[in-house]
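Hi there,

Here is the structure I promised to pass on to you. Please have it open while you read, and my notes on it follow just below.

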Amino acid sequence: MAGSATAGAQALAKGSEPAPSPPRSLEPVHSRVRLRVNGTDHDLEVDTRTSLLDALREHLHLTGTKKGCDHGQCGACTIMVDGQRINSCLTLAVMHEGDAITTIEGLGTPDKLHPMQAAFISHDGYQCGYCTPGQICSAVAVLEEIGQGIPSHVTADISAAPSLSADEIRERMSGNICRCGAYSNIIEAITEVAGRRA
Ligand code: FES
Ligand code: FES
């Protein structure tokens, strides 16, 4: 009797074992994607896990966009996609086929600075400069978000830009961290471009 009970328990235990998982491939999967960056199309083949940030920096060598945390916490990787600012570390490159991507390199050149770039320089809106490309892209997008901003590829009539209070600028820029603490100068730069001095 005891023997048949033991056999029953063993059969029950065996029957309750979870089914083995199907083998999972650890091989990376690659995919083609066409990224339109600063008005130029780039055909890439990337590991599907590649972030947009890494595609820009490692594949296209557009290193103006910075990697700070790689976790969506610092804003150093801010770029614009179809006019909206995003953290490029939090999105996959393959999700942006055909989107209009604007990086700091697409805003201005040393000879022809974007008004926001010029304002950051004139107000010393940086110290080490690591957060600055993200700050500037974010600031340009802030003006676009409120509906009267300066177009992204621009030279622009900054007198047409809207007024913003310093508090509103701080709130809208709160996703961009500056470890050097250049915040007051950053606010001054944005305030100037927004058409109103604090
Ligand atoms: S690197 Fe993307 S938010 Fe910090
Ligand atoms: S200027 Fe150094 S982190 Fe902002």
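The protein chain has seven helices and five strands. Please keep in mind that this is a predicted model. Reading from the N terminus, the elements follow the order α-β-β-α-β-β-β-α-α-α-α-α. The protein chain has 198 residues, of which 37% count as buried. Taking the contacts between residues at least 6 apart in sequence, 59% link residues that are at least 24 apart.

Let me start with the sheet. It is open, has five strands in the order 2-1-5-3-4, and its pairing is mixed. Strand 2 and strand 4 are at the edges with a single partner strand each, so each has one side without a neighbour in the sheet. On average, neighbouring strands are turned by 40° against each other, direction ignored.

Going through some of the pairings:

- Strand 1 and strand 2 run antiparallel and are joined by eight bridges. Histidine 30 has aspartate 47 in strand 2 as its bridge partner.
- Strand 3 and strand 5 (residues 100–102) also run antiparallel, with two bridges between them. Here valine 81 is opposite isoleucine 101 in strand 5.
- Strand 3 and strand 4 pair in the antiparallel sense through four bridges. Methionine 80 faces arginine 85 of strand 4 across this pairing.

The last of these pairings deserves a second look, since strand 3 and strand 4 form a hairpin with two residues between them. Aspartate 82 lies in that loop, between strand 3 and strand 4 (84–87), and has a positive phi of about 50° although it is not a glycine. Is aspartate 82 buried or exposed? Aspartate 82 is exposed, because 11 other C-beta atoms lie within 10 Å and the cut-off for exposed is 12 or fewer.

There is another positive phi to check. Histidine 61, also a residue other than glycine, has a phi near 60°. Histidine 61 sits in the loop between helix 2 and strand 3. With 7 C-beta neighbours inside 10 Å, histidine 61 counts as exposed too.

On the edge strand 2 (residues 40–47) you will find leucine 44. Leucine 44 counts as partly exposed because it has 16 C-beta neighbours inside 10 Å. Its C-alpha atom is 5.4 Å from that of valine 33, a residue eleven places away along the chain. Setting aside neighbours within four places in sequence, leucine 44 contacts Val33, Leu35, Ala55 and His59.

Now to the helices that pack on the sheet. Returning to the pairing of strand 1 with strand 2, which has eight bridges, helix 2 packs on the sheet and touches both of these strands. The direction of helix 2 makes about 105° with that of strand 2. Helix 5 also packs on the sheet, touching strand 3 and strand 4, and its direction makes about 40° with that of strand 3.

Helix 5 is worth some of your time. How does the span of its 14 residues agree with 1.5 Å a residue? Helix 5 should span 20 Å on that basis, and its end C-alpha atoms are 19 Å apart, which agrees. Twelve of the 14 residues are buried, so helix 5 is largely enclosed by the rest of the structure. The buried residues include Thr132, Pro133, Gly134 and Gln135 at one stretch, and Val140, Ala141, Val142 and Leu143 at another. Among the elements that cover them are strand 3, strand 4, helix 3, helix 4, helix 6 (166–172) and helix 7.

That leads to the nonpolar core. The largest one has 45 residues, and the members that touch the most others are Ile136, Val140 and Ile190. At least two residues of this core come from each of strand 1 (30–37), helix 2 (52–59), strand 3 (78–81), helix 3 (104–107), helix 4 (115–122), helix 5 (132–145) and helix 7 (183–193). Helix 5 gives the largest share, seven residues. As for isoleucine 190, its contacts beyond four places in sequence are with Ala139 and Ile169.

If you would like a place to begin, try helix 5, with twelve of its 14 residues buried, and then the hairpin of strand 3 and strand 4.

Best wishes

Notes: Residues are numbered from 1 along each chain as its sequence is written. Chains are lettered from A and ligands numbered from 1 in the order in which they are written. This is a predicted model: local features need pLDDT of at least 70, side-chain atom pairs count only at pLDDT 80 or more; totals for chains, interfaces and linings use all residues. A residue is buried if 20 or more other C-beta atoms lie within 10 Å of its own, exposed if 12 or fewer, and partly exposed in between; C-beta atoms are placed from the backbone. Two residues are in contact if their C-beta atoms, placed from the backbone, lie within 7 Å. A nonpolar core is a set of buried Ala, Val, Leu, Ile, Met, Phe, Trp, Tyr and Cys residues joined through C-beta atoms within 7 Å. Two strands pair if DSSP finds at least two bridges between them. Axes are lines fitted to C-alpha atoms, for helices over the stretch in contact, and angles run from 0 to 180 degrees between N-to-C directions. The expected span of a helix is 1.5 Å times one less than its number of residues.
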